[in-house]
Amino acid sequence: MRTTRAMRTVTAVLALTLSAVACGDDGGGGGPGGGGGTTTGGTFEPKGTKGGTLEIVSNGDADYLDPQRTYSTIGIAIQRALNRQLLTYKAAPADSGGLELVPDLAKAMPEVSADGLTYTFELKDGIKFEDGAEITAADVKYGVERSFELDTLSGGPEHMRQTLAGGLEFKGIYQDPKGLSSIKVDGDKKISFTLKQPYADFRYVAALPTTTPVQKANDTKDKFNLHPTSTGPYKIVSYKPEKEIVFDRNPNWDPKTDEVRKAYVDRIEITEGVDTADILNRLESGDADISLDTTVEPQDIARVTADPVLKEQSNKVNTGCVRYLSLNTKVAPFDNPKVREAMQYAVNKETYRTARGGPTAGDFATSMLPPTFGQESFDLYPAAPTGDAAKAKALFAEAGYTGGKILMLATNAGKGLASAQAVQAALKPFGMNVELKQVAPGVFFTELGTPSKNYAMGIAGWCADWPSPSTYLGPLFDGTQIKPNGNQNYSQLDDPAINKLIAEANREGDTAKANAKWFDIDRKIMESGAIVPLLYDSALFFHSARLKNAFIHPYLVHEDFTVVAVQ
């Protein structure tokens, strides 16, 4: 997932979890179009005029601009403007079909073989790279095969690797120039993917930035991140990491081939390294339009929601994401299951939520999966939101734990730092001397996802890659997916029983049966104590008064830059 608001994932917010954007007493303003679009009978139509510059501010940087490496809300929101994939999501709020898949590079939805193993896509004519070269099926194949380069190009989602026949054995296109045999090209316009087993969610995989085409001749490997070749309505003209990203129109993007992106603005400028405390001021004054990685800070929530004018510029959403404290099961003292059990009672979720803004920040979590997947809620460690100090002390004593230094990774600003400090303070009475290593938001997940760093704790957030529990629990807790870099299993949980259940759930073709397996896995994960669930996330977004169509897209968990217009 994505790094927006210190959250990793890639990005699908469940349609059922998205609050009515903008017009109720719960906050939000301007209706689902954010002051521009119209909604008729559940169909959203963005409206606007072309021209102007979209000014975006950010405290940190995107994880990657390389489409095969990005795996964050920020990165995927940027990719929406920069590049195109086989399939994509409609440009609409959740209640108007924002989670509906539609063709993008492809002419139509894929043809699926009778055995459910092969997905075939035919590309549209006339779609070009920024240099004018027409995109071919071979470019799509090459782009996907780059994603297998775990050493050189770490960081991206691994769904292709996990689902394609031979994917786990293929080491990447740099190491094996013959490519992966389960990806076949037929002429310039047809490409097929053969899976190792039926997987009904593969259409969603085809909508990830992984399927962005890349020209072999222009692939500069790890340096491609500095200037990936554009296939979408905008291209990069300047990228200075941690400072700025500037996009201008891509003259070789043809709107006739793209039914989703309207590309109203002429230019997008992202200013990075802006102090978190100054971001809302810039948005209110009109010096900036959108924040890339922060929502309304806790101290400003009441003021924004009480002011009718400011309220019209805000969108309150339940993001469908979960925030949790990851406990590294390979690092003392959390290699002791009894210590992990004690942590379930020691952590003060109330002070954590207060650091994030109080009730507006979300509901207290009791398991990893948000309740909207339809499972029966459960709580294996019942306690007040403030915790249960007596129970925690008893369990620490039973574990033989008497205290010591704990290394915790934290971001160096805003809610991320305040949240980590809240956990730090809550654990001090139990003898835990939590030492915070503070890093920039843009590198937080790279650090946390490197097992050799040996961080004992880190607060992470996760949103589903699409509306299925498989994209919550598989990437985060499958021990077979732990790797030296770009790791998402931050707890390093490697439980053979859980690994086996995950493999069975991934093989299950029946959605209801698969979900039942995932609900059981959720319970087993909580039994392991590898994480402390904190919040089912919600957030208050804010944008400048001059924007139209500034709804929060349910997949991007951001405003959709490709349909926003400036007045």
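Two residues are said to be in contact when heavy atoms of the one lie within 4.5 Å of heavy atoms of the other. With that meaning in hand, and keeping in mind that the model shown above is a predicted one, we can begin with a single residue and work outwards from there.

Leu283 is found in helix H5, and if we set aside residues up to four places away in sequence, Leu283 touches Ala288, Asp289, Ile290, Ser291, Gln313, Phe542 and Ser544. Is Leu283 buried or exposed? A residue counts as buried when its relative accessible area is under 20%, and because the value for Leu283 is 3%, this residue is classed as buried. The chain also brings Leu283 towards a residue from another part of the sequence, for although Leu283 and Glu55 are 228 residues apart along the chain, their C-alpha atoms are separated by 9.4 Å.

Two of the residues that Leu283 touches, Ile290 and Ser291, lead us to strand S14, which covers residues 290-291, and from there to a sheet. This sheet is open and has 5 strands, arranged in the order S11-S12-S13-S4-S14, with mixed pairing. Strand S11 (234-240) and S14 stand at its edges, and since each of them has a single partner strand, one side of each is left without a neighbour in the sheet. Strand S4, residues 53-57, runs parallel to S13 and is joined to it by 5 bridges, while 2 bridges join S4 to S14, again in the parallel sense. Ile56 shows both pairings, as this residue stands opposite Ile270 in S13 and has Ile290 as its bridge partner in S14. Val57, for its part, is paired with Ser291 in S14. Helix H1, made of residues 73-82, lies across S11, S12 and S13, and the helix runs at about 135° to S11.

Following the chain out of S13, we come to Glu272, which lies in the loop between that strand (267-271) and helix H5 (276-285). What is the nearest side chain of opposite charge to Glu272? It is that of Lys243, which is 9.8 Å away, and Glu272 is buried yet has no salt bridge. To count as a salt bridge, a side-chain nitrogen of Lys or Arg would have to lie within 4 Å of a carboxyl oxygen of Asp or Glu. The side chain of Glu272 does, however, reach the backbone nitrogen of Glu242 at 2.9 Å. Beyond its neighbours within four places in sequence, Glu272 is in contact with a number of residues, among them Ser58, Gly60, Lys240, Pro241 and Ile245.

A second open sheet has 4 strands in the order S7-S8-S10-S9, and its pairing is antiparallel. Strands S7 (111-112) and S9 (183-186) are at the edges with a single partner strand each, so one side of each is left without a neighbour in the sheet. Helix H2, residues 137-146, packs on this sheet, where it touches S9 and S10, and its direction makes about 165° with that of S9. Strands S8 (residues 118-122) and S10 (residues 190-194) run antiparallel and are joined by 5 bridges, and in this pairing Glu122 stands opposite Lys190.

Further along the chain is strand S15, residues 314-327, which is largely enclosed by the rest of the structure, because 13 of its 14 residues are buried. S15 runs antiparallel to strand S20 (residues 531-542), with 10 bridges between them, and Arg323 stands opposite Leu535 in S20. S15 also pairs in the antiparallel sense with strand S19 (residues 457-463) over 6 bridges, and here Ser326 stands opposite Gly458.

We end with some details of the backbone. Most residues other than glycine have a negative phi, and most peptide bonds are trans. The bond from Ala332 to Pro333 is nevertheless cis, with omega near 0°, and Pro333 belongs to the loop between S15 and helix H8 (337-346). Asn454, in the loop between helix H12 (441-448) and S19, is not a glycine but has a positive phi of about 60°. Asn549, in the loop between strands S21 (547-548) and S22 (552-553), likewise has a positive phi of about 60° without being a glycine. As for their surroundings, Asn454 is partly exposed, with a relative accessible area of 45%, whereas Asn549 is buried, with a relative accessible area of 0%.

Methods: Residues are numbered from 1 along each chain as its sequence is written. This is a predicted model: local features need pLDDT of at least 70, side-chain atom pairs count only at pLDDT 80 or more; totals for chains, interfaces and linings use all residues. Side-chain values use heavy atoms; hydrogens and water are left out. Two strands pair if DSSP finds at least two bridges between them. Axes are lines fitted to C-alpha atoms, for helices over the stretch in contact, and angles run from 0 to 180 degrees between N-to-C directions. Buried means under 20% relative accessible area, exposed over 50%, partly exposed in between (1.4 Å probe, protein chains only). Lys and Arg count as positive and Asp and Glu as negative; His and the chain ends are not counted. A polar contact is a pair of N or O atoms within 3.5 Å; within protein, one must be able to donate a hydrogen and the other to accept it, and residues adjacent in sequence count only if both atoms are side-chain atoms.
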